[in-house]
Protein chains: 2
Amino acid sequence: MQFSFRMPVAVHIMLCIAKFDGVFKTTSTFLASSVNVNPVIIRKTLGQLKAAGLVEVAAVVGGAKLTKAPQDITLQDVFQAVEEDEDLFHIQDNPNPQCPVGRNIHRVLGSRLSMVKSHMLDDFSRITLADLLEDIPDNE
Amino acid sequence: MQFSFRMPVAVHIMLCIAKFDGVFKTTSTFLASSVNVNPVIIRKTLGQLKAAGLVEVAAVVGGAKLTKAPQDITLQDVFQAVEEDEDLFHIQDNPNPQCPVGRNIHRVLGSRLSMVKSHMLDDFSRITLADLLEDIPDNE
DNA sequence: CTCACTGTAATACCATACATTACAATGAGA
DNA sequence: TCTCATTGTAATGTATGGTATTACAGTGAG
């Protein structure tokens with residue numbers, strides 16, 4: 001089990017937008033060729049990022065821009081823009097209410113797991129796009 | 001996106017085994033009725049837990065027992081018993097090597113994400129079955 | 001010898017992610 | 001005004017993986 005491509009793709013896109021700002025027009029086709037996925041995937045992802053207020057997309061001209069400086073955008077922002085706000089784990093919906101374990105499992109395990117998820121989000125909130133950009137050399 | 005039932009089911013099973021030790025014979029059918037899934041799911045999960053050395057299953061007689069005390073079994077043990085050891089996120093396999101972002105994304109993003117995953121495992125390692133059992137009353 | 005139980009294979013079904021094609025809408029630029 | 005690249009979105013296809021279910025061989029206690 002693992003998360004889908006979505007968050008990594010979104011991060012990749014935003015890094016490209018930041019990196020090529022003013023140099024290339026970052027259209028969905030251009031971004032798609034860097035990530036190596038279909039341009040439609042890029043457009044959908046850009047749509048989610050736009051809805052979250054992280055990017056602006058030039059509707060007809062083409063190209064996208066970040067709305068904030070890379071050091072002000074965290075992986076948490078990106079994660080929440082493209083992933084559902086749901087529990088990390090799926091606990092069986094209808095455990096047996098006649099069993100003491102069954103009728104308490106949601107409360108007992110769920111509370112711990114949501115704590116783990118919030119720690120994960122905390123981790124994400126401490127990683128900015130600028131951190132990642134620093135690690136990407138301009139040329140080989 | 002979220003993880004499957006597997007880990008929560010495994011935890012549920014182990015809590016039942018601990019709770020009903022010496023009271024009921026914890027067969028796969030018995031456990032299945034508490035979790036409310038098919039007994040085959042329970043047997044597969046028990047097989048994984050057995051392979052990880054966390055439980056012993058009485059092959060013919062029926063029933064399972066923990067191999068360690070509940071305070072010595074952590075959610076990390078259970079998680080690793082039932083989940084693949086893989087990255088938390090899936091980064092596109094073939095990004096464009098001609099793009100500076102494309103040829104560095106795995107290293108730059110992957111290292112951060114594996115750190116996040118190891119923090120998650122640390123969290124799991126601090127939660128024991130005994131912690132959960134304490135929160136489950138015997139009767140309503 | 002019987003029987004309850006485990007272990008496992010086979011199969012079906014369903015949800016979801018990703019890929020791809022198609023096309024309407026739009027405004028910049030010729 | 002016309003062309004054209006581009007976005008946004010719908011529709012569809014395909015593959016993967018998780019869960020459900022049936023079936024059955026193997027096994028040792030009683």
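Is helix 1 of chain A mostly covered or mostly uncovered, and how many of its 14 residues are buried? In this predicted model, local features need pLDDT of at least 70, side-chain atom pairs count only at pLDDT 80 or more, and totals for chains, interfaces and linings use all residues. Side-chain values use heavy atoms, without hydrogens and water, residues are numbered from 1 along each chain as its sequence is written, and chains are lettered from A and ligands numbered from 1 in the order in which they are written.

Helix 1 of chain A is mostly covered, with twelve of its 14 residues buried. Buried means under 20% relative accessible area, exposed means over 50%, and partly exposed lies in between (1.4 Å probe, protein chains only). Helices (H or I, at least four residues) and strands (E, at least two) are DSSP runs, numbered from the N terminus. Helix 1 spans residues 6-19 of chain A. From its first C-alpha to its last it reaches 20 Å, close to the 20 Å expected at 1.5 Å a residue. The expected span of a helix is 1.5 Å times one less than its number of residues. The buried set includes A:M7, A:P8, A:V9, A:H12, A:C16 and A:K19.

The two protein chains superpose closely. Chain B can be laid on chain A with an RMSD of 0.0 Å, by a turn of 180° and a shift of 0.0 Å along the axis. The two copies are thus related as by a two-fold rotation axis. In chain B, the C-alpha of B:M120 is nearest the axis, 3.3 Å from it. Superposition is by least squares on the C-alpha atoms of residues with pLDDT of at least 70 in both copies. The copies meet through the same surface, because 100% of the interface residues of chain B are also interface residues in chain A.

B:M120 is also one of the buried residues of helix 5 of chain B. This helix covers residues 105-125 and has 21 residues. Its reach from first to last C-alpha is 30 Å, close to the 30 Å expected at 1.5 Å a residue. Others among its buried residues are B:I105, B:L109, B:L113, B:V116 and B:F124. Charged side chains appear there too, including B:R112, B:K117 and B:D123. What covers these buried residues includes elements of both chains. Chain A supplies helix 1, helix 4 (75-82), helix 5 (105-125) and helix 6 (129-134). From chain B come helix 1 (6-19) and helix 4 (75-82).

Several loop residues stand out. A:N36 lies in the loop between helix 2 (28-35) and helix 3 of chain A. Its phi is positive, about 75°, although A:N36 is not a glycine. A:N36 is partly exposed, with a relative accessible area of 39%. In chain B, B:N36 occupies the loop between helix 2 (28-35) and helix 3. Phi of B:N36 is likewise positive, near 75°. B:N36 counts as partly exposed at 39% relative accessibility. A:N96 lies in the loop between helix 4 and helix 5 of chain A. A:N96 counts as buried, because its relative accessibility is 19%. Leaving out residues up to four places away in sequence, A:N96 touches A:G102, A:R103, B:S33 and B:S34. Contact means heavy atoms within 4.5 Å.

The DNA strands were examined in turn. A residue is near a strand if one of its heavy atoms lies within 4 Å of it. DNA strand C is surrounded by 22 residues, the closest being A:F5, B:S28, B:R43, B:K50 and B:A59. Of its atoms within 4 Å of the protein, 63% belong to sugar or phosphate and the rest to bases. Polar contacts are pairs of N or O atoms within 3.5 Å; within protein, one must be able to donate a hydrogen and the other to accept it, and residues adjacent in sequence count only if both atoms are side-chain atoms. A polar backbone atom of A:F5 is 2.6 Å from a phosphate oxygen of strand C. A polar side-chain atom of B:S28 lies 2.7 Å from a phosphate oxygen. B:R43 places a polar side-chain atom 2.9 Å from a base oxygen. Helix 3 (39-51) of chain A and helix 3 (39-51) of chain B each supply at least two residues of this surface.

Around DNA strand D there are 23 residues, and A:S28, A:R43, A:K50, A:A59 and B:F5 come nearest. A polar side-chain atom of A:S28 lies 2.7 Å from a phosphate oxygen of strand D. A side-chain N or O atom of A:R43 is 3.0 Å from a base oxygen. For B:F5, a backbone N or O atom lies 2.7 Å from a phosphate oxygen. Helix 3 of chain A and helix 3 of chain B give two or more residues to the surface near strand D.
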